[in-house]
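This briefing goes through one structure by topic. It begins with a strand pair and then moves to cores, a surface patch and salt bridges.

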Amino acid sequence: MRQIEFIRSNTFLWAAAVAAAMALFVAALFAFIYWKIDDYLIMRSDRMIATQLNFLAELPPGRLNDAISDHLKQDSRGVQYAGLFDGTGTRLAGNIARLPPHLDLGEPVQNVRLARIAPQAAHDAVVKAAGRRLGDGHILVMGRNVDETREISIVVGQALLLGLLPAFCLCLLAGAWLSIRAQRRVEQVNRHVQRIVAGDLRERLPQTNTDDPFARLAGIVNGMLDEMETTINALAGVGNDIAHDLRTPLTRVRLALERGRTHAATLENLQDVVDKAIAGIDQALAIITALLRLAEIESSSRTAGFGDVALDEILRQVCDVYEPIAEDKDVELRVAIDRKAEVRGDPDLLFEAIANLVDNAVKFTPRGGRVTLALVSDDKAARVVVSDTGPGIGAGEREAVLRRFYRSDKMRNTPGVGLGLSLVAAIVKLHGFRLTIYPAPGGRVEIFAPAEETSREAAASDPARARHASLAPM
């Protein structure tokens, strides 16, 4: 089964395809080389025949026979043809048995059939030859057998086999090695994935420092697993938090109703009991409404309605809403806007995020304190800073306060359900902004909104990075 998977693997098939393509390319290359060599040898033979014919034709008649004889004696391979005939075609010298009837005298080198005077010549051979009629009426014929190109083709074929077969086998071996290596990596990844599926969320894929596709993929998957582990761990505690936070108001409602049924003697007593029950139910509904609101924001379903939002106008609206609340608590609420600033986002969500920050600042600032809502902007970014003179958030709680239902000991007696900053973090993440919580003393929270294009790209193309950037301790 493993052999079948090995043969069917894409890596091996691609290696085989590349090897086959290389073999075809090399075969075509050798064919081209053979064709060029054959053409070159034939052209060289034609030039040599023409040169020899011109040289012998210029010799005196008395030396011609001896020159032909010397020429043939130097032919150790038996490929040269030479013959001298009289006007009637009778052979006078050379190794050509008879004058070829189809030889065009005075024309360039051509293919003709010549009969050779030799014991080993069993039949006439087709050779390259040329002829010329001399001044005394004799006919001189010179030729050359070019069948040596067949020997070249044999040499080329042997070289092709000796060079191509090892290269083809080497490609197949390389493909087999790569296929086995990839298959082992896949099996290794599969083993780790099976452990993750079995519930071991701390398991991670093996990752090396090499810059290869498997290493990059492992890094991406491990980053995704980190996000999943964080989310699942957060969700695992949400159920307990919800049960704990809902149990308290519902228990109060039940006790109030039970006492009212037992002890209420007048209509006023009964109305007081009902009012307490309604308050407890309202608190439970507030928790449920906040959770639904948080789920709606985190689903990123509102990004389609994004548009240009004037942050300075939102800050003024938040100030108008919370200024009376701050006055009732004897807290000074200031607004500082250096210039107008626009970002891309949802105006209602941004209003809710800034309002939550101002609400917390007013809530935890003691009487006589001060809350400042500032907007600092330039061409590259806009910063919304909410600061107060309250106790602030300790360095150890800057991440914890963003968890759902988290309430520190000093906040137990303060109204709320512990979801305000979670909503703020979700809204900031949805917009691709950055939330920074500065350590105590004094409270200071900043929403960093980059330029419009940067914010849009951060929210759309890299949600994981936006998640990590939702909290940046300083």
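V309 stands opposite V343 in β8. The model is a predicted one. The points below start from this pair of strands and then turn to the packing of nonpolar residues and to the charged pairs.

**Strands β6 and β8**

- Strand β6 (residues 307–310) and β8 run antiparallel, and 4 bridges join them.
- Strand β8 covers residues 342–345 and has two unlike faces: V343 and G345 lie on the covered one, E342 and R344 on the uncovered one.
- In a regular strand, side chains alternate between the two faces of the sheet.
- V343 thus appears twice here: V343 belongs to the covered face of β8, and V343 is the residue opposite V309.

**Nonpolar cores**

- The largest nonpolar core has 41 residues, and the members that touch the most others are V318, I354, V358, L373 and V384.
- Seen by element, two or more residues of this core come from each of the helices α7 (311–328), α8 (347–364) and α9 (420–431), and from each of the strands β9 (370–377), β10 (381–388), β11 (434–438) and β12 (443–450).
- Helix α8 gives the largest share of this core, with 9 residues.
- Which residues does V384 touch, leaving aside those up to four places away in sequence? The contacts of V384 are L311, L315, I354, L373, A374, L375, V445, E446 and I447.
- Two of these contacts, I354 and L373, are also listed with V384 among the core members that touch the most others.
- A second core, separate from this one, holds 16 residues, including I49, L72, A93 and L134.

**Nonpolar surface patch**

- F25, L29, F32, I33, W35 and I37 make a nonpolar surface patch of about 590 Å².
- One of these residues, F32, is found in helix α2, which spans residues 10–57.
- Is F32 buried, partly exposed or exposed? F32 counts as partly exposed because its relative accessibility is 47%, and the exposed class begins over 50%.

**Salt bridges**

- The count of salt bridges comes to 10.
- Side chains of opposite charge can pair when their charged atoms come close.
- D226 and R204 meet through their side chains in one salt bridge, at 2.8 Å from N to O.
- This pair links distant parts of the chain, 22 residues apart: D226 is in helix α5 (residues 213–263), while R204 is in the loop between α4 (148–197) and α5.
- D226 is partly exposed, with a relative accessible area of 37%.

**The network in helix α7**

- R316 forms a salt bridge with D312, with 3.2 Å between the closest N and O atoms.
- R316 and D312 are 4 residues apart in helix α7, so about one helical turn separates them.
- R316 also meets E313 in a salt bridge, at 3.8 Å from N to O.
- R316 and E313 are 3 residues apart in helix α7, so about one helical turn lies between them.
- Through shared partners, the salt bridges join D312, E313 and R316 into one network.
- Which of the two acids is buried? D312 is buried, with a relative accessible area of 2%, whereas E313 is partly exposed at 39%.
- R316 is partly exposed, with a relative accessible area of 39%.

Technical notes. Residues are numbered from 1 along each chain as its sequence is written. This is a predicted model: local features need pLDDT of at least 70, side-chain atom pairs count only at pLDDT 80 or more; totals for chains, interfaces and linings use all residues. Side-chain values use heavy atoms; hydrogens and water are left out. A nonpolar core is a set of buried Ala, Val, Leu, Ile, Met, Phe, Trp, Tyr and Cys residues joined through side-chain atoms within 4.5 Å. Buried means under 20% relative accessible area, exposed over 50%, partly exposed in between (1.4 Å probe, protein chains only). Contact means heavy atoms within 4.5 Å. Patches are made of residues with over 30% relative accessible area and no salt bridge: like charges are joined within 9 Å, nonpolar side chains (Val, Leu, Ile, Met, Phe, Trp, Tyr) within 5 Å. Accessible areas come from the Shrake-Rupley method with a 1.4 Å probe; for residues, only the protein chains shown count as cover. A salt bridge is a side-chain nitrogen of Lys or Arg within 4 Å of a carboxyl oxygen of Asp or Glu. Two strands pair if DSSP finds at least two bridges between them.
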